[in-house]
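This report describes selected local features of one protein chain. It covers side-chain burial, backbone geometry and surface charge.

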Amino acid sequence: MALLDILTYPDKRLRQVARPVETVDDRLRQRVDDMFETMYEAPGIGLAAVQVGMGERVVVIDVSEDKDRPLCLVNPEIVASSGVEEMEEGCLSLPGVYGLVSRSAEVTVRALDRQGEPFEMQADGLLAVCIQHEIDHLDGKLFIDHLSPLKRRRAIKKLEKAKKRES
Ligand code: NI
C-alpha cells in the first residue's frame, strides 16, 4: 500500500468530471486500498479518487468511530433522496475550512463494490452527507460551491492565507 498525495484547492484537477470505471480489477483494488490508507492517515472520513489525481468514479468512506466500517463505492449513483439536513462540512482538499451545507437527509445509492458487484444501500445522517459530498467530487464540485457567495469568498480567503503561511 502507499500513501497518495491529496490535491488541494485551487488545483484544477479537482474540477474535472470523473469517468465511469469500466472494469473493477486488481489495479483498481490496489488504488482503492491506497485511497483507504491515505484517508485514514489524513485523517478523514471520505476521499474521492479525483482528490488523488485519479479521474475515475471511485470513493472511499468510513464514518465509524472505530474506523472499522470501510465503504468503497465504484460508479456511485444516488437513485433516491429525501429530507433536508444541514451539517458543518470540511474537506481534505480545503484544509482548515468549514461551512454549513444543506443536503438531502436520506439517500439511496447504487454502486459497485470492491469486487465489482452491484449493490444498493440506504444512508442517513453523517453517512448520507458524506456520500453526497464525495459524489460531488466526482462531478468536479466542492462543498464551498454550496455556500453563499459571501461565505464562499471568506472560505477562499482563509485558504489563501493558510497557503501563504505554509510557503
Ligand atoms: Ni471533500
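F36 is buried in this predicted model, because its relative accessibility of 11% falls under the 20% limit for burial. Y40 has a relative accessible area of 29% and therefore counts as partly exposed. These two residues share a helix: both lie in α1, four residues apart, which is about one turn of the helix. The structure holds one aromatic pair. F36 and Y40 form that pair, and its geometry is stacked, with 6.1 Å from centre to centre and 20° between the planes. The angle of 20° is classed as stacked because planes under 30 degrees apart fall into that group. The pair thus joins a buried residue, F36, to a partly exposed one, Y40.

**Backbone geometry**

Most residues other than glycine have a negative phi, and most peptide bonds are trans. Against this background, the following table lists two cis peptide bonds and two positive phi angles.

| Site | Feature | Value | Location |
|---|---|---|---|
| Y9 and P10 | cis peptide bond | omega about 5° | P10: segment before α1 (26-41) |
| A42 to P43 | cis peptide bond | omega near -10° | P43: loop between α1 and β1 (46-48) |
| K67 | positive phi | about 55° | loop between β2 (58-61) and β3 (71-82) |
| N75 | positive phi | about 50° | strand β3 |

Each of the cis bonds has a proline as its second named residue: P10 follows Y9, and P43 follows A42. P10 is placed in the segment before α1, whereas P43 lies in the loop between α1 and β1.

K67 and N75 are not glycines, yet K67 has a positive phi of about 55° and N75 one of about 50°. Their settings can be told apart by element: K67 belongs to the loop between β2 and β3, while N75 is part of strand β3 itself. K67 has a relative accessibility of 34% and so counts as partly exposed.

**Surface charge**

Which residues form a positive surface patch? The patch is made up of K151, R153, R154, K157, K161, K164 and R165. One of these residues, K164, lies in helix α3, which spans residues 149-166. K164 is exposed, because its relative accessible area of 66% is over the 50% limit for that class.

Conventions: Residues are numbered from 1 along each chain as its sequence is written. This is a predicted model: local features need pLDDT of at least 70, side-chain atom pairs count only at pLDDT 80 or more; totals for chains, interfaces and linings use all residues. Side-chain values use heavy atoms; hydrogens and water are left out. Buried means under 20% relative accessible area, exposed over 50%, partly exposed in between (1.4 Å probe, protein chains only). Rings of Phe, Tyr and Trp (its six-membered ring) pair if their centres lie within 6.5 Å; planes under 30 degrees apart count as stacked, over 60 as edge-to-face and the rest as tilted. Patches are made of residues with over 30% relative accessible area and no salt bridge: like charges are joined within 9 Å, nonpolar side chains (Val, Leu, Ile, Met, Phe, Trp, Tyr) within 5 Å. Accessible areas come from the Shrake-Rupley method with a 1.4 Å probe; for residues, only the protein chains shown count as cover. A salt bridge is a side-chain nitrogen of Lys or Arg within 4 Å of a carboxyl oxygen of Asp or Glu. Lys and Arg count as positive and Asp and Glu as negative; His and the chain ends are not counted. The place of a charge is taken as NZ of Lys, CZ of Arg, CG of Asp or CD of Glu.
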